[in-house]
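These are my notes from a session with one structure, entered in the order in which I looked things up.

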Amino acid sequence: MAGPLPVGDPAPADGRLPEGIRVDPQTDFGVYLHVPFCRVRCGYCDFNTYTSGELRGARQDEYADTLLREVALSRDVLLEAGGLRPARTVFFGGGTPTLLPAGDLARMLDGVRDAFGIAEDAEVTVEANPDTVTPDVARELADAGVTRMSVGMQSAVPHVLAALDRTHTPSNVRTAVDAAREAGLDVSVDLIYGAPGESLADWEASLDAALALESDHLSAYALIIEDGTKLARQIRRGEVPAPDDDLQADMYELADARLAAAGFEWYEISNWSRGEEHRSRHNLAYWRGTDWWGFGPGAHSHVGGLRWWNVKHPAAYAQRLALGESPAAGRETPDADARALERVLLESRIREGLPIAALGDDARRAVAGLVADGLVDGAAAVRGRVVLTLQGRLLADAVVRALTA
C-alpha cells in the first residue's frame, strides 16, 4: 500500500481554491483518473491500490458514479477560479483501470467531456494489465474516445514475472497489444528491470520480446525498493537480493542502444518513442509543470501553482463525496525555492532539457563542470539548455545535486 500522504495545509470541505489562485487559460489542462483496484498486489508496488479484501466498505461497481461526483465538484471549483479549459490529455491509471467494465471507463470519460470538454486532438490513455484486455474491451474503449493503451508487460521471462508477483503470462501481452492495434489505438508497453534473479540475458530477452511487438512507445523503469512493500521485507530478511546498481546501469545502456537501433528515441530518462508524435503527452505535462486535476483516492492535483491530494482509501473517498464534500485531504503552495528545485528535477529529465537561463548564478557556473564530466551535452549547453548525455541519464541525481547545491 502507498506510503503516507504529504503534510500540508487543511483543505476546505467545499474544495474551493485559495484567494489568488486563478486558472490561466493559456496553460494546458490534463485529467488523471485513478482506478485503485487490483486483483493481486505486486510485491514491488507502492501505488495507492487495493485488492477486493482491502476495500472495507467501498465497491468497485459503484466507483464510476463516485468519481463522477468529484468531476462535478471540480467543474464548480474551476469555474469559480476563472473558467474551464478542455482537457488536452486524459489518463486512466491505477491500479488496474481495465478491471472495471469498459462501459464504466467510458462513462467516466463522458463525465470529463461533459464537465470540461476534451480537445479534438486530445491524447486519452488507459493503463491495462495484459490479462484484462480482449478485442471487445479494446473496441469499446476506442469507441468511447480512448486513443492509447499502455500495457503492463514488465518482463517476458517467467521467473522474473514471478519475482515481481505479476500474474499474466508473456503470451497475454501479445494478445493485448494485438487487440489494441485492431481497435486503432496507439500502444505503449512498460518494462521493469533489475528484479531479483534477473540477469542481463533475461533483460535482453524481454527487450527482444518488447521490440517484436512493434509498439509505438516503450517505458523501462529501474526497480526501486519502496519501504513497506513485500519486496522490501523479503530483501530485509535476506530472502532475495537487493537490486544491483551496476547491473541496472548495464541494463539501461543495453535498452537505450537496442531501442535506438530499432528506431526509438529517448525523450525522458525512462521513456522512448517512435517519433515525437508517439510521446506520452500526459506525462510530459507533469514534467513540464502544467495544470492537471487528479480524480480518485490518493490522486494529486496541480492548478495555478497550488497542489492538493485526496484521501487515500476508496471508502473514505466515497464517504466524503456522498456528503457533498471535497475528498481533498490537504494542500500546499510551494514557495519560489521549492518551485525552482522542482523545475530542475523534472525538466532536466526530458530530451529538450532545462533552460540555463532558469538557473541561479552558482548553478550556471556548475554547468561547465558537468559538461567536462560528460554528464551534460556540450553543444546543447552552448545553445542554452541543460540536456543529459547517456552517462548523465545514469547519474541524473548527481546532476540535480550539482545544479541545486
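**Entry 1. Second largest pocket.** I started with the lining of the second largest pocket, where H11 gives the largest share, six residues. The model is predicted, and I read every value below with that in mind. For the volume of the second largest pocket I noted about 250 Å³. I then listed its lining: there are 15 residues, and those closest to the centre are Gly-289, His-302, Arg-307, Arg-339 and Glu-342. Two elements give two or more residues each to this lining, namely helix H9 (281–288) and helix H11 (336–347).

**Entry 2. Cavities.** How many cavities of 30 Å³ or more does a search of the whole structure find? I got one. The largest cavity holds about 90 Å³ of space. Its lining consists of Ala-11, Pro-12, Gly-15, Leu-17, Glu-70, Leu-73, Trp-293, Trp-308, Ser-326, Pro-327, Ala-328 and Arg-331. Helix H1 (63–80) supplies at least two of the lining residues, and so does strand S12 (328–332).

**Entry 3. Leu-5.** I next went to the N-terminal side and found Leu-5 in the segment before strand S1 (29–35). Is Leu-5 buried, partly exposed or exposed? Its relative accessibility is 26%, so I entered it as partly exposed; the buried class would need a value under 20%. With neighbours within four places in sequence set aside, I found Leu-5 in contact with Trp-309, Asn-310, Val-311, Lys-312 and Ala-329. I also took one distance across the model: the C-alpha atoms of Leu-5 and Val-160 are separated by 31 Å, and the two residues are 155 apart along the chain.

**Entry 4. Strand S3.** I counted burial along strand S3 (residues 118–128) and found eight of its 11 residues buried, so the rest of the structure largely encloses S3. I then looked up its partners. Strand S2 (residues 87–94) pairs with S3 in the parallel sense, over five bridges. As one register mark for this pair I noted Thr-89, whose bridge partner in S3 is Glu-123. The connection goes through helix H2 (residues 102–116), and S2, H2 and S3 together make a right-handed β-α-β unit. S3 is also joined to S4 by four bridges, and these two run parallel. Here my register mark was Ala-128, which has Val-151 as its bridge partner in S4.

**Entry 5. Strand S5.** I followed the pairing onward from strand S4 (residues 148–154), which runs parallel to S5 and is joined to S5 by six bridges. Met-149 has Val-187 as its bridge partner in S5. How many of the eight residues of S5 (residues 186–193) are buried? I counted seven, and entered the strand as mostly covered. S5 also pairs with strand S6 (residues 217–222), in the parallel sense and over six bridges. In that pair Ile-192 stands opposite Tyr-221 of S6. I checked the crossover as well: S5, helix H6 (residues 200–212) and S6 make a right-handed β-α-β unit.

**Entry 6. His-168.** I placed His-168 in the loop between helix H4 (158–163) and helix H5 (170–182). Its relative accessibility is 4%, so I entered His-168 as buried. What does its side chain have as a polar partner? A polar atom of that side chain lies 3.1 Å from the backbone oxygen of Met-153. Leaving out neighbours within four places in sequence, the contacts of His-168 are Asn-129, Pro-130, Asp-131, Gly-152, Met-153, Ser-155, Leu-161 and Val-173. Met-153 thus appears both in this contact list and as the residue whose backbone oxygen faces the polar atom.

**Entry 7. Ser-273.** My last residue was Ser-273, in strand S8 (residues 271–273). It comes out at 0% relative accessibility, so Ser-273 counts as buried. A polar atom of the Ser-273 side chain lies 2.9 Å from the backbone oxygen of Gly-275. Not counting residues up to four places away in sequence, I listed the contacts of Ser-273 as Asp-216, His-217, Gly-263, Phe-264, Glu-265, Tyr-267, His-278 and Arg-279.

Note on methods:
Residues numbered from 1 in each chain as written. Predicted model: local features only at pLDDT ≥ 70, side-chain atom pairs only at ≥ 80, totals over all residues. Heavy atoms only, no water. Buried < 20%, exposed > 50% of the residue type's maximum accessible area, 1.4 Å probe, protein only. Polar contact = N/O pair within 3.5 Å; in protein donor to acceptor, adjacent residues only side chain to side chain. Contact = heavy atoms within 4.5 Å. Pairing = 2+ DSSP bridges. Right-handed = clockwise from strand over helix to strand, strands pointing away. 1 Å grid on protein atoms, 1.4 Å probe; cavity = no way out; pocket = protein on both sides within 12 Å on 5 of 7 lines; lining within 4 Å. Points joined across faces, edges and corners; volume = space filled by probe spheres on them.
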